[in-house]
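Visitor: I should like to learn how the features of a protein model are read. May we go through them one at a time?
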Amino acid sequence: MPSLSWKSSFLHQGFGNVGSWAAQLLSEQGAKIVAVSDITGAIKNSSGIDITSLLNHVNESRGVKGFSGGDSIDPNSILVEDCDILIPAALGGVINRDSAKDIKAKFIIEAANHPTDPEADEILSKKGVVVLPDILANSGGVTVSYFEWVQNIQGFMWDEDKVNAELKTYMTKGFKDVKEMCKTHNCDLRMGAFSLGVNRVAKATLLRGWEA
Ligand SMILES: NC(=O)C1=CN([C@@H]2O[C@H](COP(=O)(O)OP(=O)(O)OC[C@H]3O[C@@H](n4cnc5c(N)ncnc54)[C@H](OP(=O)(O)O)[C@@H]3O)[C@@H](O)[C@H]2O)C=CC1
Ligand SMILES: O=C(O)CCC(=O)C(=O)O
């Protein structure tokens, strides 16, 4: 497997709720975000984009277009720029037969839902690209929605530190469980995550007394 560190370079397609928060959190950890796109355009800076300045620009201008801390590039090329890690955080279906063959990233973190179609998955797998699937990579949002439900039915409010600590526990365990599944069945992360999820639903269904 290719190696990964916080110092790796990242590309982001999409700078909305998911993409901008991912960029902020990653840059706080020292990650270098080399290109970002949204519906208005795309910018690139191989030395790393200053994400705080970009956020200020996006708040004022309603998009990344015109940001002075990088060069403007063709938004259609964002997925295939040089980088270690690609984060599609905009739309489904963008990593397909056409784009997958030119992708240079060694890792893809699927922040958007269903950004990679099955044909592309096969192409990426043959190229040795590791894909962290949407069902695992972006499950933090729905996990915190579950926490909101839990707090509502208990009539109790957690503070932000408690939310983050609980989230870390669930996400870390989720990742370890998926990795274990992959090891047992010698499969990729998407198959491991789906198998784990389907098995859990099947088990819960049987425990509730519903038969197939
Ligand atoms: N919000 C959440 O809690 C979660 C969201 N997701 C998934 O993440 C993805 C993004 O969601 P979210 O961040 O909430 O949505 P937003 O609408 O907040 O952000 C979407 C971003 O993608 C950009 N965009 C749209 N079309 C294109 C395009 N053709 N090329 C480049 N960028 C484009 C938008 O640009 P612009 O702003 O200029 O329109 C915006 O920056 C979706 O697939 C969603 O299902 C997954 C888990 C949780
Ligand atoms: O807010 C949530 O419950 C998560 C939303 C989500 O997963 C999504 O938009 O795809």
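Guide: The conversation below takes up salt bridges, two ligands and a surface patch in turn. Please bear in mind that this is a predicted model.

Visitor: Let us begin with the salt bridges. How many salt bridges are there by the rule used here?

Guide: The general idea is that side chains of opposite charge can pair when their charged atoms come close. In this structure the count comes to 11 salt bridges.

Visitor: Which residue meets D121 in a salt bridge?

Guide: The side chain of D121 meets that of R190, with 2.6 Å from N to O. This pair links distant parts of the chain, 69 residues apart: D121 belongs to helix α4 (residues 118-127), and R190 belongs to helix α8 (residues 189-207).

Visitor: Is D121 buried or exposed?

Guide: One compares the relative accessible area with a cut-off, and under 20% means buried. D121 has a relative accessible area of 18%, so it is buried. R190 has a relative accessibility of 13% and therefore also counts as buried.

Visitor: Where do the partners E166 and K162 lie?

Guide: Both E166 and K162 lie in helix α7 (residues 160-185), 4 residues apart, which is about one turn of the helix. They form a salt bridge, and their closest N and O atoms are 3.0 Å apart. E166 counts as partly exposed at 23% relative accessibility, and K162 counts as partly exposed at 35%.

Visitor: Which parts of the chain does the pair of D177 and R200 link?

Guide: The side chains of D177 and R200 meet in a salt bridge of 2.7 Å, N to O. Here D177 in helix α7 is linked with R200 in helix α8, 23 residues apart, and these are distant parts of the chain. R200 is partly exposed, with a relative accessible area of 46%.

Visitor: Which residues are joined into one network by salt bridges that share partners?

Guide: The network consists of E110, D121, D134 and R190. The pair of D121 and R190, discussed above, thus appears again within it.

Visitor: I should now like to turn to the ligands. How many residues surround ligand 1, and which are the closest?

Guide: To read a ligand site, one lists the surrounding residues and then looks at individual contacts. Ligand 1 is surrounded by 16 residues, and the closest are F15, N17, V18, I39 and N113. Helix α1 (17-28) and strand β2 (32-38) each supply at least two residues of this shell.

Visitor: How do the residues of that shell divide into nonpolar, polar and charged?

Guide: The shell around ligand 1 holds 8 nonpolar, 7 polar and 1 charged.

Visitor: Which backbone atoms lie by an oxygen atom of ligand 1?

Guide: A backbone N or O atom of F15 lies 2.8 Å from an oxygen atom of ligand 1. For G16 the corresponding distance is 3.1 Å, and for A111 it is 3.5 Å. Ligand 1 taken alone exposes 890 Å², of which the protein buries 62%.

Visitor: What does the side chain of S20 reach?

Guide: The side chain of S20 reaches the backbone oxygen of G16 at 2.6 Å. S20 is found in helix α1 and counts as buried at 10% relative accessibility.

Visitor: Which residues surround ligand 2?

Guide: The residues around ligand 2 are N113, G141, V142 and S145. This shell divides into 1 nonpolar, 3 polar and no charged. A polar side-chain atom of N113 lies 2.6 Å from an oxygen atom of ligand 2, and a polar side-chain atom of S145 also lies 2.6 Å from an oxygen atom of this ligand. On its own, ligand 2 has 290 Å² of accessible area, and the protein covers 41% of that.

Visitor: Finally, which residues make the nonpolar surface patch?

Guide: A patch is read by finding which side chains make it and where they lie in the chain. Here Y146, W149, I153 and Y170 make a nonpolar surface patch of about 470 Å².

Visitor: Which helix gives the most to the nonpolar patch?

Guide: Helix α6 (residues 139-154) gives the most, with 3 residues. Y170 lies in helix α7 and is partly exposed, with a relative accessible area of 41%.

Key
Residues are numbered from 1 along each chain as its sequence is written. Chains are lettered from A and ligands numbered from 1 in the order in which they are written. This is a predicted model: local features need pLDDT of at least 70, side-chain atom pairs count only at pLDDT 80 or more; totals for chains, interfaces and linings use all residues. Side-chain values use heavy atoms; hydrogens and water are left out. A salt bridge is a side-chain nitrogen of Lys or Arg within 4 Å of a carboxyl oxygen of Asp or Glu. Buried means under 20% relative accessible area, exposed over 50%, partly exposed in between (1.4 Å probe, protein chains only). A residue is near a molecule or strand if one of its heavy atoms lies within 4 Å of it. A polar contact is a pair of N or O atoms within 3.5 Å; within protein, one must be able to donate a hydrogen and the other to accept it, and residues adjacent in sequence count only if both atoms are side-chain atoms. Accessible areas come from the Shrake-Rupley method with a 1.4 Å probe; for residues, only the protein chains shown count as cover. Ala, Val, Leu, Ile, Met, Phe, Trp, Tyr, Cys and Pro count as nonpolar, Asp, Glu, Lys and Arg as charged, and the others, Gly among them, as polar. Patches are made of residues with over 30% relative accessible area and no salt bridge: like charges are joined within 9 Å, nonpolar side chains (Val, Leu, Ile, Met, Phe, Trp, Tyr) within 5 Å.
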